[in-house]
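This briefing goes through one protein chain, beginning with the chain as a whole and then turning to a helix and the segment before it. Please keep the sequence and the structure in view while reading.

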Amino acid sequence: MSRAACRQADPELFFPIAAVTGPAARQVEAAKAVCGLCAVRADCLSYSSGESAGPAGSAA
C-alpha cells in the first residue's frame, strides 16, 4: 500500500483511546480526513476488514 494517504501518518491517529467525544472526536475526524483523500481507500478497507491491524498504509 505504498500509495496510501496514511503512509506517513502517526498510526495512533487511527486508534483514539477515549470515547468519541471532545479531543477523541477531533482525532476521529482527522483520521477520516486522511482516509477520505486516499487513492487506495477501497483496497485498504478490503484488506483491514476483520483485522485489528488498522489502516494498511500505516502498518509497519
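Of the 60 residues in this chain, 25% count as buried; the model is a predicted one, and the values below are computed from it. The secondary structure amounts to two helices and zero strands, and the points that follow concentrate on helix 1 and on a proline in the segment before that helix.

**The chain as a whole**

- The chain exposes about 4,200 Å², and carbon and sulfur atoms supply 57% of that area.
- Among the contacts in the chain with a separation of 6 or more, 53% are accounted for by residues 24 or more positions apart.

**Helix 1: length and faces**

- Helix 1 covers residues 22-36, and its 15 residues, at 1.5 Å a residue, should span 21 Å, which agrees with the 21 Å that separates its end C-alpha atoms.
- The buried residues of helix 1 are Ala24, Val28 and Ala31; seen down the axis of the helix, these buried residues fall within an arc of 65°, so they line one face of helix 1.
- On the other side of helix 1, Pro23 and Arg26 are exposed.

**The salt bridge in helix 1**

- The side chains of Glu29 and Lys32 meet in a salt bridge, with a distance of 4.0 Å from N to O, and the count of salt bridges comes to one.
- Both Glu29 and Lys32 lie in helix 1, where they are three residues apart, or about one turn of the helix.
- Lys32 has a relative accessible area of 53%, and because exposed means over 50%, this residue counts as exposed.

**Pro16 and its contacts with helix 1**

- Pro16 has its place in the segment before helix 1, and with a relative accessibility of 28% it counts as partly exposed, because that value lies between the 20% under which a residue is buried and the 50% over which it is exposed.
- When its neighbours within four places in sequence are left aside, Pro16 is in contact with Ala24, Gln27 and Val28; of these contact partners, Ala24 and Val28 are also among the buried residues of helix 1.
- Pro16 and Val28 are 12 residues apart along the chain, and their C-alpha atoms are separated by 7.0 Å.

Definitions and conventions: Residues are numbered from 1 along each chain as its sequence is written. This is a predicted model: local features need pLDDT of at least 70, side-chain atom pairs count only at pLDDT 80 or more; totals for chains, interfaces and linings use all residues. Side-chain values use heavy atoms; hydrogens and water are left out. Helices (H or I, at least four residues) and strands (E, at least two) are DSSP runs, numbered from the N terminus. Buried means under 20% relative accessible area, exposed over 50%, partly exposed in between (1.4 Å probe, protein chains only). The expected span of a helix is 1.5 Å times one less than its number of residues. The arc is that of the directions from the helix axis to the C-beta atoms. Contact means heavy atoms within 4.5 Å. Accessible areas come from the Shrake-Rupley method with a 1.4 Å probe; for residues, only the protein chains shown count as cover.
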